[in-house]
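Please open the model in your viewer and keep the selection tool at hand. The tour below goes from the whole protein to single residues, and each stop says what to select and what is there.

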Amino acid sequence: MSENGILIVGAGGLLGQKLVEVFKRESEYAIVASELSGNNDSLISLDITERQKVMDCVAELRPSVIVNAAAFTDVDRAETERELAYKVNATAVGHLAEAANVFNAKLVHISTDYVFNGQKGNYEENSLPDPLGYYGKTKLAGENLAKAQLEDLAILRTQVLYGFGKGIKKNFVLWVLDKLKEGAGFSVVTDQVGNPTLADELAYAVLKVVERNAKGLYHVSGFDVMSRFEFARKIAAVFGHDPGLISQMTSDKLNQKAKRPMNSSFVCLKAQTELGLKMPTVEDSLTIMKRQMKQAGVIN
Ligand SMILES: NC(=O)c1ccc[n+]([C@@H]2O[C@H](COP(=O)([O-])OP(=O)(O)OC[C@H]3O[C@@H](n4cnc5c(N)ncnc54)[C@H](OP(=O)(O)O)[C@@H]3O)[C@@H](O)[C@H]2O)c1
């Protein structure tokens, strides 16, 4: 790879796909993208939990930037599959940071609002983490392992990530749309509050981090703070469904395995001022996703 080479790890996932799109469209970077399975012809296969494979891959490609979009993202499964969750979200981030350090690359890593306990909301980059569940603990450990090994590091924490992609896991918006299509009423929680974030916008923030050679921790999320219930009603409105199908409930009725932060909303001032980002409103972001789904022929 040239000096302008970027390795995007976890490119089969939602954010990974958006990163490839954004860097292709808006940068001169030579892109190599990897996924776990390697089933996709345009992606190479790389399991980031395998230290030697990570070292060999970075040694061969010599990218100037590595972006890590790979993660064990199933918050409830992380409670029972602890070993794997820790390996992917913590140990493997250490491998990427080590490889970046040895081969002089910058690492951009993605973390989460679940590092906070959600008692007060409005979290800034210097707010004290206190994860409630095992997923949040592994992600915080990943941040710390990377920081311990690498100076040229940027960590972007995000939350309620959604968007449209190929063969991706169902995110909140896709789940709500499926429910709305069924046409029967359903309930959504009012007591989990945060800033929904379109994956395309997060990918764009990563581009800005790379362009400006930014380092350190950034909170990056959508502009609006709302409950999942309010978000679901916005989704219905933007996609032309009946918001009346959605009723209110509280998290205690859900029986979710992992404890979640109730209000993990972010203050994104640092990203706005240092990266020149304008956090979009939820209507604008949902409208972008709707257009993409129309173009792909998934909705009318
Ligand atoms: N989704 C959210 O609401 C949310 C909120 C806050 C922060 N985040 C963070 O945002 C980032 C991107 O999330 P996302 O929603 O785009 O995730 P995603 O769609 O679940 O994608 C994650 C990708 O990582 C891959 N992966 C898992 N284990 C791997 C391994 N050992 N080696 C290489 N790749 C591996 C997965 O492959 P397989 O599918 O084959 O397992 C998947 O393609 C993550 O760091 C996540 O923690 C997400």
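**The whole protein**

Begin with everything selected: of the 300 residues in the protein, 49% are buried, where a residue is buried if 20 or more other C-beta atoms lie within 10 Å of its own, exposed if 12 or fewer, and partly exposed in between, with C-beta atoms placed from the backbone. This is a predicted model, in which local features need pLDDT of at least 70 and side-chain atom pairs count only at pLDDT 80 or more, while totals for chains, interfaces and linings use all residues. Residues are numbered from 1 along each chain as its sequence is written.

With a cartoon display you can look for ten helices and 13 strands; helices (H or I, at least four residues) and strands (E, at least two) are DSSP runs, numbered from the N terminus. The radius of gyration of the protein is 19 Å, close to the 19 Å that the globule rule gives for 300 residues, so the protein is as compact as a globular protein of that length; this radius is taken over C-alpha atoms, and the rule is 2.2 Å times the number of residues to the power 0.38. Taken along the principal axes, the C-alpha atoms fill a box of roughly 55 × 40 × 40 Å. Among the contacts with a separation of 6 or more, 80% are between residues 24 or more positions apart, two residues being in contact if their C-beta atoms, placed from the backbone, lie within 7 Å.

**The open sheet**

Next, select the strands of the open sheet, seven in number, which has the order β3-β2-β1-β4-β5-β6-β11 with parallel pairing; two strands pair if DSSP finds at least two bridges between them. At the edges stand β3 (44–45) and β11 (216–219), each with a single partner strand, so one side of each is left without a neighbour in the sheet.

Moving inward, select strand β1 (residues 5–9), which runs parallel to β4 and is joined to it by four bridges; here Leu 7 stands opposite Ile 66 in β4. Strand β4 (residues 65–68) also pairs with β5, in the parallel sense and over four bridges, and the bridge partner of Asn 68 in β5 is His 109.

**Strand β5**

Now select β5 alone, and ask how many of its residues are buried. Seven of the seven are, so β5 is largely enclosed by the rest of the structure. Both of its faces are covered, with Lys 106, Val 108, Ile 110 and Thr 112 on one side and Leu 107, His 109 and Ser 111 on the other.

Add strand β6 (residues 153–158), which pairs with β5 in the parallel sense over six bridges, and notice that Leu 107 stands opposite Leu 153 in β6. If you also show helix α5 (residues 134–149), you will have a right-handed β-α-β unit made of β5, α5 and β6; a crossover is right-handed if, with the strands pointing away from the viewer, the path from the first strand over the helix to the second runs clockwise.

**Around the ligand**

Select the ligand and its shell of 27 residues, of which the closest are Gly 13, Leu 15, Ala 70, Ala 71 and Leu 161; a residue is near a molecule if its C-beta atom, placed from the backbone, lies within 6 Å of it. The elements that give two or more residues to this shell are α1 (14–26), α4 (82–102) and β5 (106–112).

**Helix α6**

Turn to helix α6 (residues 172–182), where Val 173, Leu 174, Val 176, Leu 177, Lys 179 and Leu 180 are buried. These buried residues pack against β7 (161–162), β8 (186–189), α8 (228–238) and α10 (282–295). Just after α6, Gly 183 takes a positive phi of about 85 degrees.

**Three loop residues**

Finally, select Asn 104 in the loop between α4 and β5, which has a positive phi of about 55 degrees although it is not a glycine. Asn 104 counts as exposed, with 11 C-beta neighbours inside 10 Å. Asn 213, in the loop between α7 (199–211) and β11, has a positive phi of about 50 degrees.

The last stop is Pro 243, in the loop between α8 and β13 (246–249). Leaving aside its neighbours within four places in sequence, Pro 243 is in contact with Arg 233, Ala 236 and Ala 237.
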